[in-house]
Amino acid sequence: QPMHAHPAGNDLLGRQRQRPATHLYLARLHRSDQRRIVRDRDVMLHGLAGDAPAAAIAKERVEGHGSLDFIFNNAGVAIFGEVEIVTLDDWDKIIDVNLKGVAYGVKLAYDQMYVQESGHIINTASVAGLVPVPLQTHYVATKHAVVGMGKNLALEAERHGISVTTF
């Protein structure tokens, strides 16, 4: 059995929640205090970004503020184990959270940022997106995909006034 050692959905006691979380931080730059990025009335969405409620909340916030300046995509679940013991269901789970979670957040933000011709998409991948990590082939694959997606998106988005940072 693979060990589910670092699901994003663990609470402080280490109990696994029913669903891993993808965090989308929608923020507007506070013009009078550039040291502070997220204002009190901005929103932090929990749950997979592809969920209708997350998209509805994001749309409502954009309508209320007039623009979307930043989105911070941070999605992660790690499954430790050698490839021969990791199931295809495990692969699906890790791809759904680590790659699709970020892709949903990118799509959510990009459509708005494209229209307003500005914005910054920040994707958190992992050091595992840059170097191999033993017993985490599946995790490393998804994090490399996030890094590749970010690099390619940066090239496409630049001409539309959108910046993309992936680390």
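What is the accessible surface of the protein chain, and what percentage of it belongs to carbon and sulfur atoms? In this predicted model, the accessible surface of the protein chain amounts to about 9,400 Å², and carbon and sulfur atoms account for 56% of that area. Of the 167 residues in the protein chain, 42% are buried.

Confidence was considered at the level of the chain. The mean pLDDT of the protein chain is 75, with 68% of its residues at 70 or more. Throughout residues 1-46 the pLDDT is below 50. That stretch nevertheless has 109 contacts in the model beyond near neighbours in sequence.

The secondary structure of the protein chain comprises three helices and seven strands. Read from the N terminus, these elements follow the order β-β-β-α-β-β-α-β-α-β. With regard to contacts in the protein chain between residues at least 6 apart in sequence, 66% join residues at least 24 apart.

Individual positions illustrate such relationships between elements of the chain. N73 is located in strand 4, which spans residues 70-75. The residue is buried, because the relative accessibility of N73 is 0%, and the cut-off for burial is under 20%. The C-alpha atom of N73 lies 6.1 Å from that of T124, although 51 residues separate N73 and T124 along the chain.

Two aromatic pairs are present in the structure. One of these is formed by F70 and F72, whose ring centres are 6.0 Å apart. The planes of the F70 and F72 rings meet at 15 degrees, so the pair is classed as stacked; the limit for this class is under 30 degrees. The partners were also examined for their exposure. F70 has a relative accessible area of 16% and is therefore buried, whereas F72, at 26% relative accessibility, is partly exposed.

The count of salt bridges comes to two. In the bridge between D96 and K100, the closest N and O atoms are 3.4 Å apart. Both D96 and K100 belong to helix 2, which covers residues 88-116, and their spacing of four residues corresponds to about one turn of the helix. D96 is partly exposed, with a relative accessible area of 33%, and K100 is likewise partly exposed, at 38% relative accessibility.

The other bridge joins D111 to K107, with the closest N and O atoms 2.9 Å apart. Because D111 and K107 are four residues apart in helix 2, about one helical turn separates them. D111 is partly exposed, its relative accessible area being 37%. K107 also counts as partly exposed, at a relative accessibility of 49%.

Helix 3, composed of residues 137-157, contains H138 and A157. H138 has a relative accessible area of 0% and is therefore buried. When neighbours within four places in sequence are set aside, the contacts of H138 are with I79, G81, V86, W91 and I94. A157 is buried as well, its relative accessibility being 0%. Residues touched by A157, other than those up to four places away in sequence, are Y110, I162 and V164. Between A157 and I121, the C-alpha to C-alpha distance is 9.7 Å, while the separation in sequence is 36 residues.

The surface was further examined for nonpolar patches. V127, L130 and V131 make a nonpolar surface patch of about 280 Å². Within this group, V131 is situated in the loop between strand 6 (119-124) and helix 3 (137-157). V131 is partly exposed, with a relative accessible area of 38%; this value satisfies the requirement for membership of a patch, because patch residues need over 30% relative accessible area.

Key:
Residues are numbered from 1 along each chain as its sequence is written. This is a predicted model: local features need pLDDT of at least 70, side-chain atom pairs count only at pLDDT 80 or more; totals for chains, interfaces and linings use all residues. Side-chain values use heavy atoms; hydrogens and water are left out. Patches are made of residues with over 30% relative accessible area and no salt bridge: like charges are joined within 9 Å, nonpolar side chains (Val, Leu, Ile, Met, Phe, Trp, Tyr) within 5 Å. Accessible areas come from the Shrake-Rupley method with a 1.4 Å probe; for residues, only the protein chains shown count as cover. A salt bridge is a side-chain nitrogen of Lys or Arg within 4 Å of a carboxyl oxygen of Asp or Glu. Helices (H or I, at least four residues) and strands (E, at least two) are DSSP runs, numbered from the N terminus. Buried means under 20% relative accessible area, exposed over 50%, partly exposed in between (1.4 Å probe, protein chains only). Rings of Phe, Tyr and Trp (its six-membered ring) pair if their centres lie within 6.5 Å; planes under 30 degrees apart count as stacked, over 60 as edge-to-face and the rest as tilted. pLDDT is the predictor's confidence in each residue, from 0 to 100. Contact means heavy atoms within 4.5 Å.
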